[in-house]
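Please open the model in your viewer with the sequence panel beside it, and follow the stops below in order. Each stop suggests a selection and then says what is found there.

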Amino acid sequence: MVHLFGLMRISFKSLFSHTGRTVLTLSGIIVSVIAIMSVVTLGESLRNYVTKEVESFGTDTIQVEVSVPETGRVSAENGAAQAMGVQITTLTDRDAEAIALLPDVAAYNIGVIGQTRTTYANKKRYTMILGSSSTAPIVDSNIVLDAGRFFSAEEEKSAMNVVVLGSDVAEAFAGDHTADLVGQRITVNSSKYLVVGIAKKRGATFGVSFDDMIYMPYTTLQKKILGIKHISYITVKATDPAHVDRAAQTIRTLLRLRHGIKTEAAEDFSVTTITEAQEILGTILGSMNILLLALASVSLVVGGIGIMNIMLVSIEERRREIGLRKALGARKNDMIVQFLIESVMIACAGALIGVVITVILLSAAFSGIQYAGFDSIHFYIPTKAILIALLFSISTGIVFGVYPARRATQISPMEALAS
């Protein structure tokens, strides 16, 4: 142990005798550690954020959405097809009514999405309209009213001109006196609508702000604004979280019968449980993290090559020192251990500095992310991010320090002292 500390002292003095060279070598490791820790930390934070956002809809909910046939129910092809204007009009409120009769279904909420201009007291606003069922607050517990009420089943059935304002919309129209809007009329798409309620501030989910939306009966949105008969989605609440998978399978079977579909590839709808959504997103994020980590590791290899080159230069400059130590009885293993220690010390020092810099940079980055409206993404450095960075750095120091160390053992004492 004493002998090992002696070698460490020699290595320490050698590194600090060439400060500029050591700092240059450290920079490669520091950049690599920043990249690796950032990837792991942001990946874990994003995974936790997505998990919480999905869970906020409730573990007993099932999402039924339109899907372009032959593209897979959750796929990039499906999203791209819909983005390019492929419209699926086969999902209707009759499907929702049929789903409601299934034994494992407690309630459902129909969703239709639109966008139009709204006006109140000469204040204009281009607003997202969310057409829904009167049961929306039952299915989605995040819908809580700050004033007034939600529209009724009768108002939904009669396609009446009633709305519930999101908190941001209400504040834009009435400032701090949002409750005064209840009972007033606003203009939506050139028609007057009665404000029956104001929703409490909810925040954004996946970057979409529900506070900047207006709720109205889906029938009203269909008939009086969009002029359509189909719907966008159905959110189903199961009677028990334990029955969600069974309910989802029953819904798939029912819709395939109603739509006359015989193969899974031809399905014009998708049925996704919260658990399935979490697994899908987890797989996507996991694959992305592995890819980004692999790319970040390339910079660590570059840093390792830097360590190896600097060590080789150092060995050539210290030939007399090496020769003298070998002449005085230093063993081959002593030389290998000494130069490996120097290599690992450089890697560890770079890793520790990189960790400190990463904490500072990520703290600033997360502050910016939260300022942008993603309040659910909280700043924390996972322990495994630090461990991975240190492990990779030490491994790099060892791997790229072996060759210079072996070169040092091949120096002849006689040639070194004569040079």
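## The whole chain

In this predicted model, residues 24 or more positions apart account for 77% of the contacts in the protein chain that have a separation of 6 or more. Begin with the chain as a cartoon, where the secondary structure comes to 14 helices and twelve strands. If you then colour by relative accessible area, 45% of the 419 residues count as buried.

## The nonpolar cores

Select next I99, L165, L181, I186, I234 and I251, which are the residues with the most contacts inside the largest nonpolar core, a set of 47 residues. Helix α9, residues 244-258, gives the most to this core, with six residues. A second core, separate from this one, has 19 residues, among them L26, I29, I34 and M335. As background to this stop, nonpolar side chains tend to be buried together in soluble globular proteins.

Which residues does I99 contact, once its neighbours within four places in sequence are left aside? Centre the view on I99 and show V105, I234, V236, I251, L254 and L255, which are its contacts under that condition.

## Helix α7

Move on to helix α7, residues 167-174, and show the side chains of S167, V169, A170, F173 and A174, which are the buried residues of the helix. Looking down the axis of α7, you will find these buried residues within an arc of 160 degrees, so they line one face of the helix. To see what covers them, add strands β2, β3 (123-132), β5 (162-165), β7 (191-199) and β10 (213-217), which are included in the cover. After α7 comes G175, and its phi is positive, near 65 degrees.

## Two loops with positive phi

Two residues other than glycine are worth a stop for their backbone angles. A121, placed in the loop between β2 and β3, has a positive phi near 50 degrees. Because its relative accessibility is 53%, and over 50% is the cut-off for exposed, A121 counts as exposed. In the loop between β6 (185-188) and β7 you can select S190, where phi is again positive, with a value near 75 degrees. S190 is exposed as well, with a relative accessible area of 71%.

## The loop between α8 and β11

Now follow the chain out of α8 towards β11 (233-238), and select G227 in the loop between them. H230 also lies in the loop between α8 and β11. Are these residues buried or exposed? G227 is exposed, its relative accessible area being 60%, whereas H230, at 12% relative accessibility, counts as buried.

Their contacts can be displayed in turn, not counting residues up to four places away in sequence. Under that condition G227 touches L221 and Q222, while H230 touches Q87, I88, T89, L91, V112 and Q222. Q222 therefore appears in the contact list of G227 and in that of H230, where contact means heavy atoms within 4.5 Å.

## The second largest pocket

Turn next to the second largest pocket, which has a volume of about 320 Å³. Of the 18 residues that line this pocket, D93, E97, E156, Y218 and T219 are the closest to its centre, and they make a convenient selection for finding it. Colour α4 (93-100), β2 (105-120), α6 (153-157) and α8 (218-226), since these are the elements that give two or more residues to the lining. Which element provides the largest share of the lining? That share, four residues, comes from α8. Coloured by class, the lining of the second largest pocket divides into six nonpolar, five polar and seven charged residues.

## The second largest cavity

The tour ends with the enclosed spaces, where the count comes to two cavities of 30 Å³ or more. The second largest cavity has a volume of about 40 Å³, and to locate it you can select its lining, made up of N142, I143, V144, A199, K200, R202, F210, D211 and Y215. By class, this lining has five nonpolar, one polar and three charged residues.

Conventions: Residues are numbered from 1 along each chain as its sequence is written. This is a predicted model: local features need pLDDT of at least 70, side-chain atom pairs count only at pLDDT 80 or more; totals for chains, interfaces and linings use all residues. Side-chain values use heavy atoms; hydrogens and water are left out. On a 1 Å grid over the protein atoms alone, a cavity is a set of points where a 1.4 Å probe fits but cannot get out, and a pocket is an open set with protein on both sides within 12 Å along at least five of seven lines; lining residues have an atom within 4 Å of a point. Grid points are joined across faces, edges and corners, and a volume is the space filled by probe spheres set on the points. Ala, Val, Leu, Ile, Met, Phe, Trp, Tyr, Cys and Pro count as nonpolar, Asp, Glu, Lys and Arg as charged, and the others, Gly among them, as polar. A nonpolar core is a set of buried Ala, Val, Leu, Ile, Met, Phe, Trp, Tyr and Cys residues joined through side-chain atoms within 4.5 Å. Buried means under 20% relative accessible area, exposed over 50%, partly exposed in between (1.4 Å probe, protein chains only). The arc is that of the directions from the helix axis to the C-beta atoms.
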